[in-house]
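Student: I'd like a close look at one part of this model, please. Start with a pair of strands and work outwards from there.

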Amino acid sequence: MTATMPSIMCIVGARPNFMKIAPVIGALRADPLRVNTCLVHTGQHYDAAMKHTFFEQLGIPVPDVDLEVGSLSHAVQTAEIMRRFEPVLDAHRPAAVLVVGDVNSTIACALVAAKKGVPVAHVEAGLRSYDRAMPEEINRVLTDQISDWLFTTERNARDNLLREGIADEKIHFVGNVMIDTLLHHRLRAVPAEQTLGASGDPAPFVNALNGYGVLTLHRPSNVDDPAVLKRLLTTVHDLARDIPLVFPVHPRTEARIRAAGLESLLDGARLLRLPPLGYLEMLGLMAGAHLVLTDSGGMQEETTALGVPCLTIRENTERPITIEQGTNTLVGTQSARIRAAFADILASGGKAGRVPELWDGQAAERIAAHLHASLCGGAAAAVAVR
Ligand code: UD1
């Protein structure tokens, strides 16, 4: 790092962080005369399918530091990230630490920085499901409390933060960096035909490309309890009779299906199991889908940006704008409601929706402008919106 320039240490750890950090690092590095950047990967996700593919496809620089923590219980993983991150922070002495999203790596590094007096920037601040049974909700609330810049994706987030006593001047509505990535890579998405064609036995799917759905499940609340998992897999097995479903399976879900002996529910010819996909493959698959069934936070937003109907298999969402303005519908985890909403989309085409305010591909530039102005002096850029 150049000693005279302030430096920003950016943190990533898990798969949903990668598409968020990519445009932020790009925007910060676009003006190398103002700030240095350093990328730390905690190693929370480490498999090629959960990590390397994303770095390659999104052009994320090789991390300067890899803490290599791996999979552990929440407490041990968070503690281990903190233990390994502290000396890195001491050695680099950045002017700010930038964290994204709501995973364990987010809170762990934010907490170490805040206690050392290093200011924290939180990208995707203020989202709330108001469900403390979700580990991510705890991570969100705590990270926001100790952050100095809170960059939000939707206007509701400011109200959530103000209710929690956060000072208004710390909150900056900048838009959605994940949608920056989506818009940037949209034309490079791998066509669904290619992904399905490479998958072994794709015949029923290739023939059915006029209509297929995409399914993802990985929330602990949906996959860790064998009874809930069985109910959901039975439901999707039945839904696949109406339209084939492509199911890229998260490692957590794969392990739970095997442990619960539920593989036979996935053996139907119209439900295609795939390993976790790269970003460009998943983008192509979603963009071409008739509908998406998911419990992912990011996919609720991505489907809204793509205009593809989404059924969210959860009781709540921290991303209400995808319901109010986008293509998302919350359907809970009970079969009857999921089936009814699914049938509705097949009959009527589902919600059309519109793209929310500032999901325009420029969010990372707005964040960089704020940080440049704060750390290097000068007026905040005109692009910043309050
Ligand atoms: C984490 C995030 C979640 C995010 C998800 C996306 C937290 C609290 N949760 O959940 O918000 O939506 O990432 O994937 O941070 N595993 C592998 N290879 C890997 C990583 C994990 O096989 O590279 C397996 C391990 O068995 C591990 C399990 O997946 O125990 C869960 O991984 P973990 O990082 O603990 O949580 P996720 O469920 O991935």
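How many bridges join strand β11 to strand β12, and do the two strands run parallel or antiparallel?

Tutor: Three bridges join them, and the two run parallel: β11 covers residues 291-294 and β12 covers residues 310-312. Before we go on, this is a predicted model, so local features need pLDDT of at least 70 and side-chain atom pairs count only at pLDDT 80 or more, while totals for chains, interfaces and linings use all residues. Residues are numbered from 1 along each chain as its sequence is written, and side-chain values use heavy atoms, with hydrogens and water left out.

Back to your pair. One bridge in it is L293, whose partner in β12 is L311. Strands here are DSSP runs of E, at least two residues long, and helices are runs of H or I with at least four, both numbered from the N terminus; two strands pair if DSSP finds at least two bridges between them.

Zoom out, and β11 and β12 sit within an open sheet of six strands, ordered β10-β9-β8-β11-β12-β13, with parallel pairing. The edges belong to β10 (271-274) and β13 (328-330); each has a single partner strand, so one side of each has no neighbour in the sheet. On average, neighbouring strands are turned by 20° against each other, direction ignored (axes are lines fitted to C-alpha atoms, for helices over the stretch in contact, and angles run from 0 to 180 degrees between N-to-C directions).

The edge strand β13 starts at residue 328, and N328 is one of the residues that T322 touches. T322 lies in helix α15 (residues 321-324). Leaving out residues up to four places away in sequence, T322 also touches Q300, E301, T304, T327, K351 and W359, where contact means heavy atoms within 4.5 Å. With a relative accessible area of 0%, T322 is buried; buried means under 20%, exposed over 50% and partly exposed in between, using a 1.4 Å probe and protein chains only.

For a second parallel pair, look at β4 (residues 96-100) and β5, linked by four bridges. V97 stands opposite V120 in β5. Along β5 (residues 120-123), V120 and H122 point one way while A121 and V123 point the other, and all are buried.

Now the ligand. It is surrounded by 16 residues, the closest being Q44, H45, E136, H218 and R252 (a residue counts if one of its heavy atoms lies within 4 Å). Polar side-chain atoms come to 2.8 Å from a ligand oxygen in H45 and to 2.5 Å from a ligand oxygen in E136. For H250, a side-chain N or O atom is 2.9 Å from an oxygen of the ligand. On its own the ligand has 740 Å² of accessible area, and the protein covers 85% of that (Shrake-Rupley, 1.4 Å probe; for residues, only the protein chains shown count as cover).

Two backbone oddities to finish. E68 isn't a glycine, yet has a positive phi of about 50°; it lies in the loop between β3 (65-66) and α3 (74-92). L358, also not a glycine, has a positive phi of about 65° and lies in the loop between α16 (335-348) and α17 (363-376). E68 is exposed, at 58% relative accessible area, whereas L358 counts as buried, at 15%.

Conventions. Polar contact = N/O pair within 3.5 Å; in protein donor to acceptor, adjacent residues only side chain to side chain.
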